[in-house]
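Below is a set of questions and answers on one protein model. Each answer works towards the value or name that was asked for.

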Amino acid sequence: MGNLERIYKMRWEAVYPLYVAKIERKGRTTAELDEVLFWLTGFEEPSALTGTFEELLSEKVFNPKSDLIKGVICGVRIEEIQDPLIKKIRQMDKLVDELAKGKKIEKILR
């Protein structure tokens, strides 16, 4: 299984608790995380989701302002990612990073 395929098959119910742990270590709340994820994806209860990234995100339309999410995540510039699913995943990772780094919600939500 290739690296992209491995990412596609990552289960949300395994990743979400990692997001929670990351932001809580930095003093942020699950409610803030859920607000950011709702803004990006429209998922009303991210903690209750099950499935792979591919199942949950491949057909999901992200917030139109998600194109304003720029920068580097995992050593790759987000705006240069060609694969639509990987781009969505990295945009989500970037917002979680910004939350963990203490950025104000109003700035994260662009």
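A pocket here is an open set of grid points with protein on both sides within 12 Å along at least five of seven lines, and its lining residues have an atom within 4 Å of a point. The model is a predicted one.

Q: Which element gives the largest share of the lining of the largest pocket?
A: The lining is made of Ile7, Met10, Val15, Leu18, Tyr19, Lys22, Phe53, Ile89, Arg90, Asp93, Val96 and Asp97. Two elements, α2 and α5, give two or more residues to it. The largest share is five residues, and it comes from α5.

Q: How many residues of the lining of the largest pocket are charged?
A: The pocket holds about 200 Å³ of space. Its lining includes Lys22, Arg90, Asp93 and Asp97, and Lys, Arg and Asp count as charged. Beside eight nonpolar and no polar residues, the number of charged ones is four.

Q: Which element supplies the largest share of the largest nonpolar core?
A: This core has 34 residues, and Trp12, Tyr19, Leu33, Leu57 and Met92 touch the most other members. At least two residues each come from α1 (3-8), α2 (12-25), α3 (30-41), α4 (53-57), α5 (84-100) and α6 (105-108). The largest share, eight residues, is that of α5.

Q: Is the aromatic pair of Trp12 and Tyr16 stacked, tilted or edge-to-face?
A: The two residues are four apart in helix α2, so about one helical turn separates them. Both are buried. Their rings are 5.8 Å apart, centre to centre, with 35° between the planes. Planes under 30 degrees apart would count as stacked and over 60 as edge-to-face, and this pair is tilted.

Q: What is the angle between the planes in the aromatic pair of Trp12 and Tyr19?
A: Trp12 and Tyr19 are both buried, and their ring centres are 6.1 Å apart. The pair is edge-to-face, a class that needs over 60 degrees. The angle between the planes is 70°.

Q: Which residues form one aromatic cluster?
A: A search of the whole structure finds three aromatic pairs. Beyond its neighbours within four places in sequence, Tyr19 is in contact with Trp12, Leu33, Phe53, Met92, Asp93 and Val96. The cluster consists of Trp12, Tyr16, Tyr19 and Phe53.

Q: Is Thr52 buried or exposed?
A: Thr52 lies in the loop between α3 and α4. Leaving aside neighbours within four places in sequence, its contacts are Tyr8, Lys9, Met10 and Arg11. Its relative accessibility is 8%, and since the limit is under 20%, Thr52 counts as buried.

Q: How far apart in space are Thr29 and Leu99, C-alpha to C-alpha?
A: Thr29 is in the loop between α2 and α3, and is partly exposed at a relative accessible area of 37%. In sequence, Thr29 and Leu99 are 70 residues apart. Their C-alpha to C-alpha distance is 9.5 Å.

Q: What is the phi of Cys74?
A: Cys74 lies in the loop between β1 (72-73) and β2 (76-77), and counts as exposed at 58% relative accessibility. Most residues other than glycine have a negative phi. Cys74 is not a glycine, yet its phi is positive, about 55°.

Q: What is the relative accessible area of Arg110?
A: Arg110 is in the segment after α6. Its phi is positive, near 50°, in a residue other than glycine. Arg110 is partly exposed, with a relative accessible area of 24%.

Notes:
Residues are numbered from 1 along each chain as its sequence is written. This is a predicted model: local features need pLDDT of at least 70, side-chain atom pairs count only at pLDDT 80 or more; totals for chains, interfaces and linings use all residues. Side-chain values use heavy atoms; hydrogens and water are left out. A nonpolar core is a set of buried Ala, Val, Leu, Ile, Met, Phe, Trp, Tyr and Cys residues joined through side-chain atoms within 4.5 Å. Buried means under 20% relative accessible area, exposed over 50%, partly exposed in between (1.4 Å probe, protein chains only). Contact means heavy atoms within 4.5 Å. On a 1 Å grid over the protein atoms alone, a cavity is a set of points where a 1.4 Å probe fits but cannot get out, and a pocket is an open set with protein on both sides within 12 Å along at least five of seven lines; lining residues have an atom within 4 Å of a point. Grid points are joined across faces, edges and corners, and a volume is the space filled by probe spheres set on the points. Rings of Phe, Tyr and Trp (its six-membered ring) pair if their centres lie within 6.5 Å; planes under 30 degrees apart count as stacked, over 60 as edge-to-face and the rest as tilted.
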